[in-house]
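Visitor: I would like a close look at one part of this protein, namely its salt bridges. Could you take me through which side chains pair, where they sit in the fold, and how buried or exposed they are?

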Amino acid sequence: MELGKKICELRRENGITQEELAGEPGVTAAAVSKWEKGNTLPDVLMVCALADYFGVTTDALLGRARELKPLVVI
């Protein structure tokens, strides 16, 4: 799932408007709209703030569902 779609999904599941979400990290509702439409992406610090806001991991927010295998260093 794309990041913007995930943000939109989490926002709607929690009954939050774009304006309410925008107020928490201090961005505009237009920025949230652009993220959700896939026109722009939040920066990495904003991704962390959004994950904290929604109570999910950054991996979940970014759609990383696969299990990672441990790196073997020889």
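Guide: What follows goes through the salt bridges one at a time, after a short look at the chain that carries them.

The model is a predicted one, and its protein chain holds five helices and zero strands, so that DSSP gives the order α-α-α-α-α when read from the N terminus. Taken along the principal axes, the C-alpha atoms fill a box of roughly 50 × 20 × 20 Å, and buried residues make up 30% of the 74 residues. Of the contacts with a separation of 6 or more, 50% are accounted for by residues 24 or more positions apart.

As for the pairs themselves, side chains of opposite charge can pair when their charged atoms come close. With a cut-off of 4 Å between a side-chain nitrogen of Lys or Arg and a carboxyl oxygen of Asp or Glu, the count comes to three salt bridges.

One of them joins Lys6 and Glu9, with a distance of 3.1 Å from N to O. Both residues belong to helix H1, which covers residues 3–13, and because they are three residues apart there, about one helical turn separates them. Lys6 has a relative accessible area of 19% and is buried, the limit for that class being under 20%, whereas Glu9, with a relative accessible area of 28%, is partly exposed.

Another salt bridge is formed by Glu36 and Arg11, whose closest N and O atoms are 2.6 Å apart. Here Arg11 lies in helix H1 while Glu36 lies in helix H3 (residues 29–37), and the pair therefore ties together parts that are 25 residues apart in sequence. Both Glu36 and Arg11 are buried.

The remaining pair to describe is Arg64 with Asp59, where the closest N and O atoms are 3.5 Å apart. Arg64 counts as partly exposed at 40% relative accessibility, and Asp59 is likewise partly exposed, its relative accessible area being 35%.

To set these pairs against the charges of the whole chain, there are 9 positive and 11 negative charges, and their mean positions are 8 Å apart. The chain exposes about 5300 Å², of which carbon and sulfur atoms supply 54%.

Definitions and conventions:
Residues are numbered from 1 along each chain as its sequence is written. This is a predicted model: local features need pLDDT of at least 70, side-chain atom pairs count only at pLDDT 80 or more; totals for chains, interfaces and linings use all residues. Side-chain values use heavy atoms; hydrogens and water are left out. Helices (H or I, at least four residues) and strands (E, at least two) are DSSP runs, numbered from the N terminus. Buried means under 20% relative accessible area, exposed over 50%, partly exposed in between (1.4 Å probe, protein chains only). Contact means heavy atoms within 4.5 Å. Accessible areas come from the Shrake-Rupley method with a 1.4 Å probe; for residues, only the protein chains shown count as cover. Lys and Arg count as positive and Asp and Glu as negative; His and the chain ends are not counted. The place of a charge is taken as NZ of Lys, CZ of Arg, CG of Asp or CD of Glu.
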